[in-house]
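Work through the two exercises below with the structure in view, and try each task before reading its solution.

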Amino acid sequence: MVCTPKVKMIIAAIGISAGLMAGTWFAIGYHNISTTIMAYASAFFASLSFYMHWAYKKNWMTTWKDSSLKTIFYITVILCIFSTVGMVVCMIVAGINHQGLTHDGTTDGRESLDDGSLE
């Protein structure tokens, strides 16, 4: 897909917003620290992507050294592999724990029941 830098910056800005909102929701709504950290990390990397597209649009990137660009590339490839492996492990663990995709399926029994009592 060929997009202009402006469109890529908009997509990155949406990623920043989604990461911040998801991190806040996972922290407050689900009390899940690992997903909160992953969501905020996603927002951080989306902001780096935004900066790189901005640097390209303003022609700042042309002054960067080739070694810097290669380092950025290799770091992102390694992070992509680790993130993919982490996602698969989390899905397997959730399946083993019989967790579903609903709020009730993701709770660990500490929240109150429908009648207001605790387990």
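The exercises that follow concern a pocket and two loop residues.

This is a predicted model, in which local features need pLDDT of at least 70 and side-chain atom pairs count only at pLDDT 80 or more, while totals for chains, interfaces and linings use all residues. Residues are numbered from 1 along each chain as its sequence is written, and side-chain values use heavy atoms, with hydrogens and water left out.

**Exercise 1.** Find which residues line the second largest pocket, and state their classes.

*Solution.* Begin with the list: the lining consists of F45, L48, S49, M52, I72, I75, T76 and L79. Next, place them on the helices, where α2 (33–57) and α3 (residues 66–96) each supply at least two residues of this lining. Then sort by class, which gives 6 nonpolar, 2 polar and no charged residues. Finally, the space in this pocket comes to about 210 Å³.

**Exercise 2.** Locate H31 and N59, and say what sign phi has in H31 and in N59.

*Solution.* Start with H31, which sits in the loop between α1 (5–30) and α2; its phi is near 55 degrees, a positive value in a residue other than glycine. Turn then to N59, in the loop between α2 and α3, where phi is near 65 degrees, again positive in a residue other than glycine. As a last step, N59 counts as exposed because its relative accessibility is 52%, exposed being over 50%, buried under 20% and partly exposed in between, with a 1.4 Å probe and protein chains only.

Note on methods: Helices (H or I, at least four residues) and strands (E, at least two) are DSSP runs, numbered from the N terminus. On a 1 Å grid over the protein atoms alone, a cavity is a set of points where a 1.4 Å probe fits but cannot get out, and a pocket is an open set with protein on both sides within 12 Å along at least five of seven lines; lining residues have an atom within 4 Å of a point. Grid points are joined across faces, edges and corners, and a volume is the space filled by probe spheres set on the points. Ala, Val, Leu, Ile, Met, Phe, Trp, Tyr, Cys and Pro count as nonpolar, Asp, Glu, Lys and Arg as charged, and the others, Gly among them, as polar.
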